[in-house]
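Please load the model in a viewer and keep the selection panel at hand. The stops below are arranged as a tour, each beginning with what to select.

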Amino acid sequence: MVNLPLIIAHRGASALAPENTLVSFRRALKDGAEGVECDVRLARDNVPVVFHDSTLKRTAFQEAKLCDLTSRELSKVDVGTWFNFRHEKYADNAYKRETVPTLEQFFELMRQNDKLIYVELKCEDENYTKFARAIIELTHDFGYLRRVVIKSFEHRCLSEIRKFSTDVRIAALYKPHPSRVLRPGRELIKPALRVNADEISLHYTLASTRAVHKAHLAGLRTVIWTADHPAWVKRAARLGIYAIITNNPARLLTRRNELLYNRIF
């Protein structure tokens, strides 16, 4: 029997609401996503906050670096208005009230359900040990160690995470690169195993039959990002992909329900 992939919301339902905000996460949950993914950085006061970029320029129209502001200062920064300018079809005046949430606030929201939580660590310029400790301590305090999957492109940061916890799941993240298509064993699987990862998280262009098969043989789940076309539901099922991270979970869930209704799998 073929297992259909789980549908995970990328930065919330970020095609329909401002990314990495509480309103985006709530929309994803309302739409039926089976998990929610977010990006995390450390604010100046060492509090983990939910934000993607290193600066506020793209989503807050400010030049400041995120790491130069405290979590309290970030809680007053408008990160919703930009969405209304760029996505007029889905604009909502209420988005103007959305500010940078802390990871604690996101975790608190997720108490209302038992969905998966994917946390991407943006730790390019961070002290890896400090960052890892802050994330694990908060995850432990909420009792989410077996519910959260921590992922990063910075595998050194994942190594630090593993030092603090053997229970939490970790995923090695990979961007597109020709060598990773040609040599998935050496370029994808071996680096993931070196950091004791449980999953590999691939850009969808890397999700070849060969790569997924090698991951399976190594005991690694395969997750793909950011696949927004509904055709990926059927393809992912046939490849044996565990989950799809998407900007519009409702669209992919609709397609998955169609496949189930028509008994294609």
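Leaving aside its neighbours within four places in sequence, which residues is Ile161 in contact with? Select Ile161 in this predicted model and display its surroundings: the contacts are Leu121, Ala132, Ile135, Ile136, Ile150, Val168 and Ile170.

**The nonpolar cores**

Widen the selection from Ile161 to the largest nonpolar core, which has 51 residues. Ile161 is one of the residues with the most contacts inside this core, together with Leu103, Phe106, Phe107, Val119, Leu121 and Ile150. Helix H6 contributes the largest share of the core, seven residues. Next, select Ile7, Ala236, Ile244 and Leu252; these belong to a second, separate core of 16 residues. As background, nonpolar side chains in soluble globular proteins tend to be buried together.

**Helix H1**

Select helix H1, residues 22–30, and colour its buried residues: Leu22, Ser24, Phe25, Ala28 and Leu29. Viewed down the axis of H1, these buried residues fall within an arc of 160 degrees, so they line one face of the helix. To see what covers the buried residues, add E1, strand E2 (35–42), strand E3 (48–50), H5 and helix H12 (249–261), which are included in the cover. Then proceed past the end of the helix: Gly32 follows H1 and has a positive phi, near 100 degrees.

**Two residues with positive phi**

Select Arg11 in the loop between strand E1 (6–10) and H1. Its phi is near 55 degrees, a positive value in a residue other than glycine. Is Arg11 buried or exposed? With a relative accessibility of 14%, Arg11 counts as buried.

Move to Phe61, in the loop between helix H2 (57–60) and helix H3 (71–74). Phe61 is another residue other than glycine with a positive phi, near 55 degrees. Its relative accessibility is 48%, so Phe61 counts as partly exposed.

**Aromatic pairs**

Keep Phe61 selected and add Phe85. The total for the model is ten aromatic pairs. In the pair of Phe61 and Phe85, the ring centres lie 6.1 Å apart and the planes stand at 65 degrees, so the arrangement is edge-to-face. The pair links distant parts of the chain, for Phe85 is in helix H4 (residues 81–86) and the partners are 24 residues apart. Phe85 has a relative accessible area of 60% and is therefore exposed.

Now select Phe142 and Tyr144. How are the rings of this pair arranged? They are tilted, at 5.4 Å centre to centre and with 40 degrees between the planes. Phe142 is buried, at a relative accessible area of 10%, and Tyr144 is also buried, at 4%. Extend the selection to Phe25, Phe106 and Phe107: ring pairs link these residues with Phe142 and Tyr144 into a cluster. Phe25 returns here from the buried residues of H1, while Phe106 and Phe107 are among the residues with the most contacts inside the largest core.

**Charges over rings**

Select Arg58 with Trp82: Arg58 lies over the face of the ring, at 5.7 Å from the ring centre. Then select Arg221 with Tyr242, where the arginine lies over the face of Tyr242 at 4.0 Å from the ring centre.

**Two buried polar residues in loops**

Select Lys122, in the loop between E4 and helix H6 (128–141). Lys122 has a relative accessible area of 8%; because buried means under 20%, Lys122 counts as buried. Which side chain makes a polar contact with the side chain of Lys122? The partner is His52, at 3.5 Å. Residues up to four places away in sequence aside, Lys122 touches Asp39, Val40, Arg41, Phe51, His52, Phe131 and Phe153.

Finish at Asn113, in the loop between helix H5 (103–109) and strand E4 (116–121). Its relative accessibility of 18% means that Asn113 counts as buried. The Asn113 side chain reaches the backbone nitrogen of Lys115 at 3.0 Å. Apart from residues up to four places away in sequence, Asn113 touches Leu29 and Arg147. Leu29 leads back to helix H1, where it is one of the buried residues.

How values were computed:
Residues numbered from 1 in each chain as written. Predicted model: local features only at pLDDT ≥ 70, side-chain atom pairs only at ≥ 80, totals over all residues. Heavy atoms only, no water. Helix = DSSP H or I, 4+ residues; strand = E, 2+ residues; numbered from the N terminus. Buried < 20%, exposed > 50% of the residue type's maximum accessible area, 1.4 Å probe, protein only. Polar contact = N/O pair within 3.5 Å; in protein donor to acceptor, adjacent residues only side chain to side chain. Contact = heavy atoms within 4.5 Å. Arc of directions from axis to C-beta. Core = buried A, V, L, I, M, F, W, Y, C linked by side-chain atoms within 4.5 Å. Phe/Tyr/Trp six-rings, centres within 6.5 Å; stacked < 30°, edge-to-face > 60°. Lys NZ or Arg CZ within 6 Å of the ring centre and 35° of its normal.
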